[in-house]
Amino acid sequence: MSAAATGATAQRVLWQVRRDRRTAALILAVPVLLLVLMRYVFDGEPQAFQKIGAPLCGLFPFILMFLVTSITMLRERTTGTLERLMTMPLSKLDLLGGYGIAFGLLAALQATLVCATGFIALGLHAPHGAWLVGVLAVGNAVLGMALGLLVSAFAETEFQAVQFMPAIVFPQMLLCGLFVARDSMAPVLYDISWALPLTYAYDALARATSPAPLGAALVADVAVVVGATLACLAGGALTLRRATA
Amino acid sequence: MAEPAIEVSDLGVTRGERQVVTGLSLSVARGSVTGLLGPSGCGKSTLMRSIVGVQARVTGTVRVLGRAAGDAELRPRIGYVTQAPSVYVDLSVSENLRYFARLLSAPGERIGELIETVGLRGLEQHLVGALSGGERARVSLATAMLNSPELLILDEPTVGLDPVLREELWRTFRELADDGTTLLISSHVMDEAAECDALLLMRNGTLLAQTTPQELRELTGEHDLGRAFLAIIRGRAA
């Protein structure tokens, strides 16, 4: 693994984002606008806005990075640039690391904007500090990136890659406990929810945005999210083949 | 004599259920320009991919610069240009070259030299996606030459190019070979065969002949290399 190759890749991904200003604007503006929209949808129910909106600030980057990474990596696969990179002195970790740094920075920027909007302008509470939500958000972004990288191997077109969003992200959003407490779901769904990484990502955010002391449960949540991220990255690295048929 | 740059023996490649390359053996001398000729679909690209080490399901042996094809140590020593230009369409010409130069630890001044070589001066700041097919192919070609590799594998590098530029590129290939670089260049245009030191003629996944332009003409009594190739195919069939 080389720092130069990792850095060069991170910079290249950021160049691509900068060239595509409309996508960059969407990445930064859409979550902020959605949060403002939610604030007024829940106009008469401020407790519900706090319960859903506050953790959501840390989940937006997960959704975004899943989408952006799956499409960017799919493009690398279909345009032949991945094959070219695989013939060059670049390790898979350099490529994954470069993506991680570039999208991690973008996620940090997005999380800062969303958290500033939510916790300053819209009056959401973060009893343990908005910074904690921001840090969790960047971790979730890296999880989204790892998952997007993995699923990009199973899509042949960008259209298919976009379909993974409702197929893989939406069920996790429904089952993670954000909208309905998990223990009031049908028992089979409750059982399934234990196996989904977003459940732990949400649980950490719910603890970070409620006044109860944080405790060991937060550490356990973070450990599961980190473990799931590493597992997805390892799976994604396996799909980056040097030799193909 | 020095060890050949490429030595292939009894290469076989299957793709899906189909055997796309069968029993292929050849060698490519160091510092030569070798033309790989044959109709579209005859296995030229598959052979090139096997040499670079990106082809899966390969049997037989492929030795490149004294090592097994695909060896990690070979990666900085080989430049490979695929038939479809593999560069970032959402970056400019110069951003593409700067990125790959950093990956290949190539000196920055190579970028300017190569932009000149492939005739892209004035287009440095243009997005690759806004260029013509031939221009994109030249960005892809320049990328492979950034770190001055010992072996260049070029899959149809001159398709769709202006004849003047095509001639200039062939002159560049010749100069590189004179400086010791080995070039394996595929083409389906027989008039490019005359520019090569050695020729590999392929058809239906097999090697018809390993020869030189001179030898091919003498063997078949045809001055035109296209007709000579045809004579070889007919001779085989007879």
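Here is a short conversation about how some features of this predicted model get their names.

User: Why are helix 2 and helix 5 of chain A called roughly parallel to each other?

Analyst: Start with the angle: helix 2 (residues 21-41) and helix 5 (residues 92-121) of chain A pack at about 25 degrees, with their axes 9 Å apart. Angles under 35 degrees count as roughly parallel, and therefore helix 2 and helix 5 of chain A get that name. Helix 2 of chain A also passes helix 5 of chain A in a right-handed crossing.

User: Which residues of helix 2 and helix 5 of chain A meet?

Analyst: From helix 2 of chain A, the residues include A:Ile27, A:Leu28 and A:Pro31, and among those they meet in helix 5 of chain A are A:Leu106, A:Leu109 and A:Gln110. By class, the residues of this contact between helix 2 and helix 5 of chain A divide into 10 nonpolar, three polar and no charged.

User: What makes strand 6 and strand 10 of chain B edge strands?

Analyst: Look at the order of the open sheet of six strands in chain B, which is 6-7-8-3-9-10. Strand 6 (78-81) and strand 10 (206-211) of chain B each have a single partner strand, so one side of each is left without a neighbour in the sheet. The pairing in this sheet is mixed, and its neighbouring strands are turned by 15 degrees against each other on average, direction ignored.

User: How do you know that strand 3 and strand 9 of chain B pair?

Analyst: Pairing needs at least two bridges. Four bridges join strand 3 (residues 33-37) to strand 9 (residues 198-203) of chain B, so the two strands pass that test. Strand 3 and strand 9 of chain B run parallel, and B:Leu36 has B:Leu200, in strand 9 of chain B, as its bridge partner.

User: Where do helix 4 and helix 5 of chain B lie?

Analyst: Helix 4 (residues 133-145) of chain B lies across strand 6 and strand 7 (151-155), running at about 170 degrees to strand 6 of chain B. Helix 5 (residues 163-178) of chain B packs on the sheet, where it touches strand 3 and strand 8 (182-187) of chain B.

User: Which helix of chain A gives the most to the side that touches chain B?

Analyst: That is helix 1 of chain A, with seven residues. In total, 22 residues of chain A are in contact with 25 residues of chain B. The chain A side has 10 nonpolar, six polar and six charged residues.

Terms used
Residues numbered from 1 in each chain as written. Chains lettered and ligands numbered in written order. Predicted model: local features only at pLDDT ≥ 70, side-chain atom pairs only at ≥ 80, totals over all residues. Axes fitted to C-alpha atoms, helices over the stretch in contact; angles between N-to-C directions. Parallel < 35°, antiparallel > 145°, perpendicular 65-115°, else oblique. Left-handed = near helix turned anticlockwise from the far one by under 90°. Contact = placed C-beta atoms within 7 Å. Nonpolar A, V, L, I, M, F, W, Y, C, P; charged D, E, K, R; others polar.
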